[in-house]
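Dear colleague,

I am handing over the structure below, and after it you will find an account of what turned up when I went through it. Please read the account with the structure open beside you.

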Amino acid sequence: MLTVKRISDLQSEEAKQLFEIRNTVFVIEQHVDHDLEYDEHENEASHYLAYFGNRPCGAARWRFTESGIKLERFAVLAPFRSKDVGLALLDAILNDVIPLNKKIYLHAQMSAYGFYAKHGFMEEGDHFWEANIEHVTMVYKPE
């Protein structure tokens, strides 16, 4: 069973698990500098942890910016990819942020472009590089 939980206590065991997932995916697998992965927005962001059964397997966050609501740090552990964990995280976040009636956007890695395009996001602007990975801004525009 796939479930997603919002994590509000960043000192909790669940928060430790979501940061471990992000470390595995971004720092270890993608070679993102640790100081870029963990930033000054951790405390203001809303964090989510996905479980496959009782195993923590994915993480994501969102936060308010001057441009609207930015979805960030979507990470799914390798054994759980292609099991709809990313979609469960995206759905949980969208359910929370759509009622806020603000622009919803993200910086998609090109490897995840198709996933976001399939779920209501449209490319906006030029491609750019963050943490040595090609990205593009995508804005949520459901049909």
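A loop residue makes a convenient place to start: Ser 82 is found in the loop between E4 and helix H3, the helix that covers residues 85–97. Please keep in mind throughout that this is a predicted model. The backbone of Ser 82 deserves a look, since its phi is near 65°, a positive value in a residue other than glycine. For background, most residues other than glycine have a negative phi. With a relative accessibility of 81%, Ser 82 counts as exposed, because the cut-off for that word is over 50%.

The loop between E4 and H3 also holds Asp 84, which is not a glycine either and yet has a positive phi of about 70°. Asp 84 has a relative accessibility of 52% and therefore counts as exposed.

The other finding concerns charged side chains, for the structure holds twelve salt bridges. One of them is formed by the side chains of Arg 73 and Glu 37, which meet at 3.3 Å, taken from N to O. This pair links distant parts of the chain, with Arg 73 in strand E4 (residues 68–76) and Glu 37 in helix H2 (residues 34–37), 36 residues apart. Both Arg 73 and Glu 37 are buried.

Arg 61 takes part in salt bridges with two partners that I would like to point out, Asp 39 and Glu 42. In the pair of Asp 39 and Arg 61, the closest N and O atoms are 2.9 Å apart. Asp 39 lies in the loop between H2 and strand E2 (46–52), whereas Arg 61 belongs to strand E3 (residues 55–65), so this salt bridge ties together parts that are 22 residues apart in sequence. Arg 61 has 0% relative accessibility and therefore counts as buried.

In the pair of Arg 61 and Glu 42, the closest N and O atoms are 3.0 Å apart. Glu 42 lies in the loop between H2 and E2 and Arg 61 in strand E3, so the parts that this pair ties together are 19 residues apart in sequence. Glu 42 is buried, as is Arg 61. Salt bridges that share partners join these residues and others into one network, whose members are Arg 22, Glu 37, Asp 39, Glu 42, Arg 61, Arg 63, Lys 70, Glu 72 and Arg 73.

With kind regards

Methods. Residues are numbered from 1 along each chain as its sequence is written. This is a predicted model: local features need pLDDT of at least 70, side-chain atom pairs count only at pLDDT 80 or more; totals for chains, interfaces and linings use all residues. Side-chain values use heavy atoms; hydrogens and water are left out. A salt bridge is a side-chain nitrogen of Lys or Arg within 4 Å of a carboxyl oxygen of Asp or Glu. Helices (H or I, at least four residues) and strands (E, at least two) are DSSP runs, numbered from the N terminus. Buried means under 20% relative accessible area, exposed over 50%, partly exposed in between (1.4 Å probe, protein chains only).
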